[in-house]
Amino acid sequence: MSTTRFCEELTALLPRLRRFARGLTQDSADADDLCQQTIERALKARQQWQEGTRLDAWVYRIMRNQWIDEVRARTRRSQTFVHEDEGANVGVAGDRDAENRVELGNVDRALQRLPEEQREAVVLVMVEGFGYKEAAQILGIPQGTLTSRLGRGREALLRELGEAA
């Protein structure tokens, strides 16, 4: 695959990568940074990607590994990062739009309360639409482990949202 085509396909993945980054980091600014670092790393390691395999899964794996490295570095530095204010949605016009944003906010907060391993499984399968096999490969775990984490994550989300499991 040519460098131009590789870059085009990588660019087309940006919205999905941003969603996954937001699911991992739980913070918009950190998600943006993680996306940038992931794209940079993917471009540098372009020759390691095997044509004929899924580019999205390869890049998701890079992103997850990048985030794990970042979390470890933060722990070592013992720094606390304050989440940005929750005022990004102020002033949205229309009741329906506002209701949808409130509900999405509820889901996002419920998702943030999940343990990281369950949150990763839920985001990859339920939000990003990966199959169990691909999601398990991205996370580097057996498919049965992914299925277990996903089941527990779904149940916890339903409990958090006040719905019957």
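**Exercise 1. Work out how much accessible surface the protein has, and what share belongs to carbon and sulfur atoms.**

Solution. Start with the total: the accessible surface is about 10,000 Å², computed by the Shrake-Rupley method with a 1.4 Å probe. Then take the share: 48% of that surface belongs to carbon and sulfur atoms.

A quick note on ground rules: this is a predicted model, where local features need pLDDT of at least 70 and side-chain atom pairs count only at pLDDT 80 or more, while totals for chains, interfaces and linings use all residues. Residues are numbered from 1 along each chain as its sequence is written, and side-chain values use heavy atoms, with hydrogens and water left out.

**Exercise 2. Tally the helices and strands of the protein.**

Solution. Helices are DSSP runs of H or I with at least four residues, and strands are E runs of at least two. Going by that, you get eight helices and zero strands. Read from the N terminus, the order is α-α-α-α-α-α-α-α.

**Exercise 3. Decide whether E120 is buried or exposed, and find its partners.**

Solution. First, place E120: it sits in helix 6 (residues 116-127). Next, check the cover: E120 counts as buried because its relative accessibility is 4%, and buried means under 20% relative accessible area (1.4 Å probe, protein chains only). Now list the contacts (heavy atoms within 4.5 Å): leaving out residues up to four places away in sequence, E120 touches L24, R64 and L139. Finally, look at R64 again: its side chain and that of E120 share a polar contact of 3.2 Å, that is, a donor-acceptor pair of N or O atoms within 3.5 Å.

Methods. Buried means under 20% relative accessible area, exposed over 50%, partly exposed in between (1.4 Å probe, protein chains only).
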